[in-house]
Amino acid sequence: MARWIADWHPDDPAFWERDGKRVARRNLAFSILAEHVGFTVWTLWSIVAAKMGAFDFTTDQLFWLVALPNLIGSALRIPYTFGPARFGGRTFTVVSALLLLIPAVLLGVAVSDPGTPYWVFLVIAATAGFGGGNFASSMANITYFYPQHKQGSALGLNAAGGNIGVSSVQLVMPLVIGAFGLAAAGWFWVPFVVVAAACAWFFMDNLASAKASPREQWAVAGKAQTWVMSFLYIGTFGSFIGYSTAFPLLAKSLFPGSAWATVAFVGPLLGSLIRPVGGWLSDRLGGAPVTLWNFAAMGAGVVLVWLASASGSFWLFFLAFQTLFVTAGIGNGSTYRMIPAIFQAKAAEQFGTGEQALLYGKRQASAAIGIISAIGAFGGFLINRGFGMSFAATGSPAAAFVAFGLFYAACFAVTWWCYTRTVGVARLPSLAHARV
């Protein structure tokens, strides 16, 4: 029988200290576990594609296999956002975890036959998108468990735990594949999927206060702030997942015979670990200022990587690429801190500062997080396709780096215009709250 909590008031200090903190931390811990496994399955193809030497596929075809899970995962994040509010966070976490068995098992079967056609691999890669959808449901669920002033850190930890799954894949999979063959890349994760689902069933909770109709949640799609933040999240999370999944194949293509397989995990690990720092900085300095200057740093990072890619030195290229992982991680934390602040401020304008306003703001932020994370994850697809098309057209990634740099400049301009400018306009209270 599903376990539902009917009485939940995390913004009440007495309730939080007495009961809320303990329950919230337990749900966060097992949410992180399930999301971590989701990310591992979602990004499996970043290593598998780079290890498919037995199959006669072009570089552009291989980038398609890496890009497709990002595309499907980003699309699934929208329906996954509504899952916890409709069925309960615990219930939906169990189901979404068990769905990961499909891409893991199919991968193990398909790569065992060297005659498997390319279109079959495309279908299997698409099913890996189930792992990408988990992020939206997990983040939407955790939003309800924490008081407003702790959401930046809680969401940062939840996201970082999931993001580290990319690093886990890129650290473990080269070793597993080297020892047991390419099929093991799929079979290896099956017991972990089962454990994550079992832990969610036994240790997580459903919140009655989190229930909301799809129509109520969809209302945030008509708000300008949802789409502004979606654009910015393409630049932060889209960059993180795109660079994480593209780096192994990109490094192998630019520097054949280099030690890319040994160090591919480092960048995603750095980006994941520093994500909570972005949330922590934003809790203290404001999400908008941190996001603004982080986009400037990302633009500089693209220039460094572009120059290093033509240097002939793999290690210079590797070190330059770490700037993109670190800045993308900080940006992930800062943009996610802005989302609940913006929608809570909007709720305060409409309902005042009572409990009704707090609950309405959380419901709006939860729905917005799903839509924003879906659009943002689409950036991972765009980055991989950018590299694939650049190689197909010119034989190098230079054109892709130019496009990425221009996009970060646009993100910088949008952040300044919408959230930090003070010249020529009266600051709107709802936007000012994005800074606190």
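A residue counts as buried under 20% relative accessible area, as exposed over 50%, and as partly exposed in between. Lys-346 has a relative accessibility of 35%, so Lys-346 counts as partly exposed. Keep that scale in mind, and keep in mind that this is a predicted model.

Start with Lys-346 itself. Lys-346 sits in helix H16, which covers residues 314-351. Its partner in the next comparison is Gly-361. Along the sequence, 15 residues separate Lys-346 and Gly-361. In space, their C-alpha atoms are 7.3 Å apart.

Stay in helix H16 and turn to Phe-321, which is also found there. Is Phe-321 buried or exposed? Its relative accessibility is 0%, so Phe-321 counts as buried. Neighbours up to four places away in sequence are set aside in what follows. On that basis, Phe-321 touches Tyr-243, Phe-247, Leu-250 and Val-305. Gly-38 lies 283 residues from Phe-321 along the chain. The C-alpha atoms of Phe-321 and Gly-38 are separated by 25 Å.

Next comes helix H12, residues 224-254, where Ser-244 has its place. Ser-244 shows 0% relative accessibility and therefore counts as buried. Which backbone oxygen does the side chain of Ser-244 reach? The answer is that of Phe-240, at 2.6 Å. Ser-244 has other contacts too. Not counting residues up to four places away in sequence, Ser-244 touches Ser-46, Val-166, Gln-170, Ser-239, Pro-268 and Phe-325.

A second serine, Ser-272, belongs to helix H14, residues 266-285. The relative accessible area of Ser-272 is 0%, so this residue is buried. A polar atom of the Ser-272 side chain lies 3.1 Å from the backbone oxygen of Asn-163. Asn-163 also appears among the contacts of Ser-272 once neighbours within four places in sequence are left aside. The others in that list are Ala-160, Ile-164 and Phe-240. Phe-240 thus links back to the earlier serine: its backbone oxygen is the one that the Ser-244 side chain reaches.

Now look at Gly-379 in helix H17, residues 355-394. Gly-379 has 3% relative accessibility, so Gly-379 counts as buried. Apart from neighbours within four places in sequence, Gly-379 is in contact with Ile-234 and Gly-238. Arg-284 is 95 residues away from Gly-379 along the chain. Between the C-alpha atoms of Gly-379 and Arg-284 there are 28 Å.

From single residues, move to pairs of helices. Two packed helices are described by the angle between their axes and by the distance between those axes.

Take H3 and H6 to begin. H3 spans residues 59-87, and H6 spans residues 118-127. They pack at an angle of about 30°, with their axes 8 Å apart. Angles under 35 degrees count as roughly parallel, so H3 is roughly parallel to H6. Their crossing is right-handed. From H3, the contact uses Gln-61, Trp-64, Leu-65, Leu-68, Pro-69 and Ile-72. From H6, it uses Tyr-118, Phe-121, Leu-122, Ala-125 and Ala-126. By class, the residues of this contact are 10 nonpolar, one polar and no charged.

H5 and H10 form another pair. H5 runs over residues 101-110, and H10 over residues 190-203. Their axes come within 10 Å and cross at roughly 170°. Are H5 and H10 roughly parallel or roughly antiparallel? Angles over 145 degrees count as roughly antiparallel, and H5 and H10 are therefore roughly antiparallel to each other. H5 brings Leu-101, Ala-104 and Val-105 to the contact. H10 brings Val-190, Val-193 and Val-194. The contact of H5 with H10 has six nonpolar residues, no polar and no charged.

Val-195 also has its place in helix H10. The relative accessible area of Val-195 is 45%, so Val-195 is partly exposed. Arg-3 is 192 residues from Val-195 in sequence, and the two are 19 Å apart in space, C-alpha to C-alpha.

The last pair is H15, residues 287-309, with H18, residues 398-420. They pack at about 170°, and their axes are 9 Å apart. That angle makes H15 roughly antiparallel to H18. How many nonpolar, polar and charged residues does the contact of H15 with H18 have? The count is 19 nonpolar, six polar and no charged.

Methods:
Residues are numbered from 1 along each chain as its sequence is written. This is a predicted model: local features need pLDDT of at least 70, side-chain atom pairs count only at pLDDT 80 or more; totals for chains, interfaces and linings use all residues. Side-chain values use heavy atoms; hydrogens and water are left out. Axes are lines fitted to C-alpha atoms, for helices over the stretch in contact, and angles run from 0 to 180 degrees between N-to-C directions. Helices (H or I, at least four residues) and strands (E, at least two) are DSSP runs, numbered from the N terminus. Angles under 35 degrees count as roughly parallel, over 145 as roughly antiparallel, 65 to 115 as roughly perpendicular and the rest as oblique. A crossing is left-handed if the near helix is turned anticlockwise from the far one by less than a right angle, and right-handed if clockwise. Contact means heavy atoms within 4.5 Å. Ala, Val, Leu, Ile, Met, Phe, Trp, Tyr, Cys and Pro count as nonpolar, Asp, Glu, Lys and Arg as charged, and the others, Gly among them, as polar. Buried means under 20% relative accessible area, exposed over 50%, partly exposed in between (1.4 Å probe, protein chains only). A polar contact is a pair of N or O atoms within 3.5 Å; within protein, one must be able to donate a hydrogen and the other to accept it, and residues adjacent in sequence count only if both atoms are side-chain atoms.
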